[in-house]
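Trainee: Could we go through this model together, one question at a time? I am new to reading structures.

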Amino acid sequence: MRTCLPILLLLATVVLVQQLTQWTGTPFYLTQLTMAGYYSLLIIGLCLVMGYAGQISLGHAGFFAIGGYLSAMLTTRNLLAYQDHQLVALADRLGLLMGRHDFFGNEILALHPWPAALVAITTAIVVSFLIGVPVLKLKGHYLAMATLGFGIIIYRLVLGTPIFGEADGISEVPGFPLLAGLSVSGDFGSRVSNYYIAWGMVIIAMLLLLNLINSRVGRALRAIHGAEDAANAMGVDTARYKLRTFILSAVMAALAGVFLTHYSAGIGPSEAGVMQSVRYVAIVAVGGMANLWGALIMGVVLNFMSLRGMFGSYDDAVFGAILIAMMLFAPQGLLRLALLARIKNLLTGKKDGAA
Amino acid sequence: MALLEINQLNRRFGGLQAISEVSFAVEPGIIKAVIGPNGAGKTTLFNLIAGSLPPSSGTIRFRNEVISGLQPFQIARRGISRTYQNIKLYPGMTALENVMIGRHIQSRTGFIAGMLHLPWTRREEAQVREHCLGLLEMLEIADLAEVEATSLAFGQQRAVELARALAMEPQLLLLDEPAAGLNIYETAEVGRLISKINSQGITVLLVEHDMSLVMDISHEIVVLSFGRKIAEDLPLQIQQNPEVIKIYLGEEEKEDAQG
């Protein structure tokens, strides 16, 4: 009911935008819109953690990197030389390997994207659990600092490890065959289908998260955000709820990493960078913290602008500035009615009644 | 057998002995009051029972099970719910949503079922809503169901908090100064309400400053002073207990004389 109509509107908008790019002869926009869609998966997951459960994470680029890098590494690592090894032979018999030829016609035998993605997501679950158990006991800026530390560790790990390509990252990542005939890849021929794959995932994720926040679980999360001790006293296992939300958002970040990496055929260390985490937090803040729609809309708009290069070499500086401005002038987010009312009051010269 | 048994309970904050060797029991079905001058340790005692604070030593048993050392949510799940002296409602949520949190342990929709919005979770949600609306009706604040709870008047917030505590269907209800900040009529109303709740089989343990309320509704009274239990008796006996008069009522008389 209250989620159905907006979801249908989102679906209509997605279709309309695709049609518009076709009519106006600008299908190249679909590439950035697809990428922005995958980033949105991470951003709405982070919105759940920050806006609803009230926990901050400055390490979500780390989970994105776990998804992207593991998937990239496992699907590009050539196992041809180890073909006779028992494990490799077993994986081959189970159909877990995929053979192909690279640019120069060399034969490559590597893990199939499906099992690779499974490994990547499982790793994200395990890591977010191990990080979340101790770290989610912290509050406010202590939690921010701890998650920041996690983000830095992942960044330095991918930057310093040869199998993750060090400063070059990993390239020539194959497409991800989702279903028969549907593959996540950057081929120009499949630009439209990839746009719909990405946005199909966003719509499903939005539907699931909107259901969640309107359920008993969402209510408990908001209670934790509002008064954690009083939620605990009413029988809410606050530690478990915070942990599960954190893990759910880590899975969504890792999924975004997996698919975006297959889509752009590679991943580099900047995706794991701390500035990337700051950017995600800034977007959730602009979107209104406890506002999944706001986070989605701002995520798409800002990521699209950034990916189109509209902020030039000041890209990171723009997001830093957005964060400062948000905290100063509208800590509740841009897409909040209170702020709109305030602007209206300013324009009509009325005194701010809320102050 | 007693519903709640407190045995040689101690709680220190640094050098301050907030609760010192306190023992008493609460029999099922009664209203028991804990009174004492400011700083006697009444709220600390409540926090120890509800699990927000661990005791330094001593034990608390509920239905013959040791609950001291458990987390508040575990104690809530065993059937103890509470209200707070300075009201702790969840901001940004309506009165009804606040009360619905009280149904948390009576319902079971988890992350997966919640995301999928399964038919049984829809039915459960409707039942929870129904039950909580009934409670708001009983407390005569049903018309405020959709108002943000923290924007309500003080007395109404108290009622929402009480509804939230009752939504858990507790066996033991801990009320921390339910009449604080209320006028004489509202206090009398709260007294009637507590008796009504008690008559439905819920055991009540309350901390209260308002003597007329305590004497009116409670079956037994425990008196604390500087963290120690100095008396435990029926209301009439407490009123005549010389030690209680000296430390408690005597102090009030002195204040009255000054005022």
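Trainee: Is strand β7 (residues 172–176) of chain B largely enclosed by the rest of the structure or exposed, and how many of its residues are buried?

Mentor: First, a word on the basis: this is a predicted model, where local features need pLDDT of at least 70, side-chain atom pairs count only at pLDDT 80 or more, and totals for chains, interfaces and linings use all residues. Residues are numbered from 1 along each chain as its sequence is written, while chains are lettered from A and ligands numbered from 1 in the order in which they are written. A strand is a DSSP run of E of at least two residues, a helix is a run of H or I of at least four, and both are numbered from the N terminus; a residue is buried if 20 or more other C-beta atoms, placed from the backbone, lie within 10 Å of its own, exposed if 12 or fewer, and partly exposed in between. By that count β7(B) is largely enclosed by the rest of the structure, because its buried residues number 5 of the 5.

Trainee: Which residues of β7(B) are buried on each side?

Mentor: Both faces of the strand are covered. On one side sit B:Leu172, B:Leu174 and B:Asp176. On the other side, the buried residues are B:Leu173 and B:Leu175.

Trainee: Which residue of β8(B) stands opposite B:Leu172?

Mentor: Two strands pair if DSSP finds at least two bridges between them. β7(B) is joined to strand β8 (residues 203–207) of chain B by 5 bridges, and the two run parallel. Facing B:Leu172 in β8(B) is B:Thr203.

Trainee: What is the handedness of the crossover from β7(B) to β8(B)?

Mentor: The chain leaves β7(B), passes through helix α7 (residues 184–199) of chain B and arrives at β8(B). To judge such a path, point the strands away from you: if the way from the first strand over the helix to the second runs clockwise, the crossover is right-handed. This β-α-β crossover is right-handed.

Trainee: Which strands are at the edges of the sheet?

Mentor: The open sheet has 6 strands with mixed pairing, in the order β6-β7-β8-β3-β9-β10 (chain B). An edge strand here pairs on one side only. The edge strands of chain B are β6 and β10 (228–233).

Trainee: Which residue of β8(B) stands opposite B:Val34?

Mentor: Strand β3 (residues 31–35) of chain B runs parallel to β8(B), with 4 bridges between them. The partner standing opposite B:Val34 is B:Val207.

Trainee: Is B:Gln8 buried or exposed?

Mentor: B:Gln8 belongs to strand β1 (residues 4–13) of chain B, and has a positive phi of about 45° although it is not a glycine. Most residues other than glycine have a negative phi. Because B:Gln8 has 12 C-beta neighbours inside 10 Å, it counts as exposed.

Trainee: Where is B:Arg63 in chain B?

Mentor: B:Arg63 is not a glycine either, and has a positive phi of about 50°. With 16 C-beta neighbours inside 10 Å, B:Arg63 counts as partly exposed. Its place is the loop between β4 (57–62) and β5 (65–66).

Trainee: How many helices and strands does chain A have?

Mentor: Buried residues make up 46% of the 355 residues in chain A. The C-alpha atoms of chain A fill a box of roughly 75 × 55 × 40 Å along the principal axes. Its secondary structure comes to 14 helices and 4 strands.
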